[in-house]
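Biologist: I would like a close look at a single part of this model. Please pick out one helix and follow its surroundings outward.

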Amino acid sequence: MERARLASEARTVRVRRATDADLPALRILWQEYAAEVARFRRTPWTWTWDDTRARLPRGAAFLADAGDEVIGFAIASRSRADIGHVDDLYVRPAHRRRGVATVMLHHLARVLGERGVTSVALDVDADNSAARALYEHAGFVQYADRFATKVDMLNRRLGRARRA
């Protein structure tokens, strides 16, 4: 019964391409996303809205609407002619586990496929188990671990190792 109710709610959500007129709403959603992801992120840097905004003309961006409320977004780009990348995907907490992210991923896959992309990659924070479960359910497989550090830390450690 619960699964049927959630599926019904997902059908009431409309996913559409984001336009320039949507940039203010997209920015607000992106800020919510960035604040949430900061809990998981262990990188020595942070992304900014300007970083994201600069990628939009080269990529594909979708918004999810529930009635008059914008409840999520998905942004993808191409890292090569045949490889797409899901850059950002976010659904407001009150609307999660209802298929919204899955529908947005499907829209991204369709557009990327139309552009000649044959494979899609994404990055997910190691501790974000909900996102990892979504991506695994969608068919993504882990193919690498990524590591990060600050340059000054790297230089200090490598300098120490070189002297030893």
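Modeller: What follows starts at helix α2 and works outward to the strands and the charged pairs. Keep in mind that this is a predicted model.

Take the helix itself. α2 spans residues 23–37, which makes 15 residues. From first C-alpha to last it reaches 20 Å, close to the 21 Å expected at 1.5 Å a residue.

Which residues of α2 are buried? They are L23, L26, L29, W30, Y33, E36 and V37. Viewed down the axis of α2, these buried residues fall within an arc of 140°, so they line one face of the helix. The face turned away from that buried side carries the exposed residues P24 and A35. What covers the buried residues? The cover includes α3 (49–55), β2, β3 and β4.

Now the charged residue in that list. E36 has its place in helix α2. Its relative accessibility is 17%. The cut-off for buried is under 20%, so E36 counts as buried. Leaving aside neighbours within four places in sequence, E36 is in contact with Y90, P93 and R96.

Next, the aromatic residues. The structure has 5 aromatic pairs. In one of them, the ring centres of Y33 and F73 lie 5.7 Å apart, with the planes at 85°, so the pair is edge-to-face. Y33 sits in helix α2 and F73 in strand β3, so this pair ties together parts that are 40 residues apart in sequence. Both partners are buried: Y33 has a relative accessibility of 12%, and F73 has a relative accessible area of 0%.

F73 also pairs with Y90. Here the geometry is tilted, at 6.2 Å centre to centre and 40° between the planes. F73 lies in strand β3 and Y90 in strand β4, so the pair ties together parts that are 17 residues apart in sequence. Y90 is buried, as is F73. Taken together, W30, Y33, F73 and Y90 form one aromatic cluster. Y90 is thus a residue to look at twice, because this member of the cluster is also in contact with E36, a residue that counts as buried.

Move on to the strands. β2 is one of the elements that cover the buried residues of α2. Of the 7 residues of β2, 6 are buried, so the strand is largely enclosed by the rest of the structure. β1 and β2 pair in the antiparallel sense over 5 bridges. In β2, A64 stands opposite V15. β2 and β3 also run antiparallel, joined by 7 bridges. Opposite D65 stands V70 in β3. The hairpin of β2 and β3 has 2 residues between the strands. In that hairpin, G67 takes a positive phi near 65°.

D65 leads to the salt bridges. A search of the whole structure finds 10 of them. D65 forms one with R14, with the closest N and O atoms 3.1 Å apart. D65 lies in strand β2 (residues 60–66) and R14 in strand β1 (residues 13–17), so the pair ties together parts that are 51 residues apart in sequence. D65 is buried, at a relative accessible area of 6%.

A second bridge joins R92 and E69, with the closest N and O atoms 3.4 Å apart. This pair links distant parts of the chain, 23 residues apart. R92 is in the loop between β4 (83–91) and α4 (100–114), while E69 is in strand β3 (residues 69–80). R92 counts as buried at 18% relative accessibility. E69 counts as partly exposed at 34%.

Another bridge lies within a helix. R156 pairs with D152, with the closest N and O atoms 3.6 Å apart. The two are 4 residues apart in helix α6 (residues 151–163), separated by about one helical turn. R156 counts as partly exposed at 42% relative accessibility. D152 is partly exposed too, with a relative accessible area of 44%. Back at the strands, salt bridges that share partners join R14, R16, D22 and D65 into one network.

Notes: Residues numbered from 1 in each chain as written. Predicted model: local features only at pLDDT ≥ 70, side-chain atom pairs only at ≥ 80, totals over all residues. Heavy atoms only, no water. Salt bridge = Lys/Arg side-chain N within 4 Å of Asp/Glu carboxyl O. Buried < 20%, exposed > 50% of the residue type's maximum accessible area, 1.4 Å probe, protein only. Expected span 1.5 Å × (residues − 1). Arc of directions from axis to C-beta. Contact = heavy atoms within 4.5 Å. Phe/Tyr/Trp six-rings, centres within 6.5 Å; stacked < 30°, edge-to-face > 60°. Pairing = 2+ DSSP bridges.
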